[in-house]
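Student: I would like a close look at one part of this protein, the loops towards the C-terminal half of the chain, set against the fold as a whole. Please take it slowly and connect the pieces.

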Amino acid sequence: KPPGKHACVVCNGTACHIKGSARLVAAAKRTLGIELGKTRLDGKVSLRGERCIGPCGLAPVVVYDGQVAAEESPEALSQRLQQWMAHDT
């Protein structure tokens with residue numbers, strides 16, 4: 001299946017896990033209605049988890065279309081995903 005127009009990658013490395021990446025994954029799955037490793041049927045967003053992205057001092061980390069977001073919260077993640085789904089660009 002082709003990747004979505006947007007990509008959301010949640011780091012699941014040790015530092016991110018300790019700082020709440022499971023809450024980020026849960027928020028992303030709930031907001032998008034898909035599981036990790038899947039793309040929405042409308043093709044707008046793909047959701048992935050990665051073992052470790054690298055900037056552990058910024059945990060928990062989410063990468064949105066190649067841009068690292070440090071100390072991300074479930075609320076900020078959901079808001080970003082909702083914006084992606086609401087717009088065609």
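Student: Before we turn to the loops, what percentage of the 89 residues of the protein chain count as buried?

Tutor: In this predicted model, 42% of the 89 residues of the protein chain count as buried, and that figure is a useful background for the loop residues discussed below. The protein chain has 3 helices and 5 strands, and read from the N terminus its elements follow the order β-α-α-β-β-β-β-α. The radius of gyration of the protein chain is 12 Å, which agrees with the value near 12 Å that a compact globule of 89 residues would have. Along the principal axes, the C-alpha atoms fill a box of roughly 35 × 25 × 20 Å. If one takes the contacts between residues at least 6 apart in sequence, 66% of them join residues at least 24 apart. The accessible surface amounts to about 5,100 Å², and 53% of it belongs to carbon and sulfur atoms. As for charge, the protein chain carries 12 positive and 8 negative side chains, with the centres of the two sets 4 Å apart.

With that frame in place, we can follow the loops in chain order. The loop between β3 (45-50) and β4 holds P60, and the peptide bond that leads from A59 into P60 is cis, its omega being near -5°.

After β4 (62-64) comes the loop that leads to β5 (67-69), and G66 lies in it. D65 belongs to the loop between β4 and β5 as well, and the phi of D65 is near 45°, a positive value in a residue other than glycine. With a relative accessible area of 39%, D65 is partly exposed, whereas G66, at 59% relative accessibility, counts as exposed because its value is over the 50% cut-off. G66 can also be placed against a residue far back in the sequence: H6 is 60 residues away along the chain, yet the C-alpha atoms of G66 and H6 are separated by 9.5 Å.

The next loop runs between β5 and α3 (74-86), and E71 lies in it. Here again the backbone has a positive phi in a residue other than glycine, with the phi of E71 near 50°. E71 has a relative accessible area of 59% and is exposed. Taken side by side, D65 has phi near 45° and is partly exposed, while E71 has phi near 50° and is exposed.

One further point concerns the cysteines, since a reader may wish to know whether cross-links constrain the chain. A disulfide is a covalent bond between the sulfur atoms of two cysteines. The structure holds 0 disulfides. C11 is in no disulfide, and the nearest cysteine sulfur, which belongs to C16, is 3.5 Å away; because a disulfide requires sulfur atoms within 2.5 Å, that distance does not qualify. C11 has a relative accessibility of 4% and therefore counts as buried. C56 is likewise in no disulfide, with the sulfur of C52, the nearest one from a cysteine, 4.0 Å away. C56 has 41% relative accessibility, so C56 counts as partly exposed, whereas C11 is buried.

Terms used: Residues are numbered from 1 along each chain as its sequence is written. This is a predicted model: local features need pLDDT of at least 70, side-chain atom pairs count only at pLDDT 80 or more; totals for chains, interfaces and linings use all residues. Side-chain values use heavy atoms; hydrogens and water are left out. Helices (H or I, at least four residues) and strands (E, at least two) are DSSP runs, numbered from the N terminus. The radius of gyration is taken over C-alpha atoms; the globule rule is 2.2 Å times the number of residues to the power 0.38. Buried means under 20% relative accessible area, exposed over 50%, partly exposed in between (1.4 Å probe, protein chains only). Contact means heavy atoms within 4.5 Å. Accessible areas come from the Shrake-Rupley method with a 1.4 Å probe; for residues, only the protein chains shown count as cover. Lys and Arg count as positive and Asp and Glu as negative; His and the chain ends are not counted. The place of a charge is taken as NZ of Lys, CZ of Arg, CG of Asp or CD of Glu.
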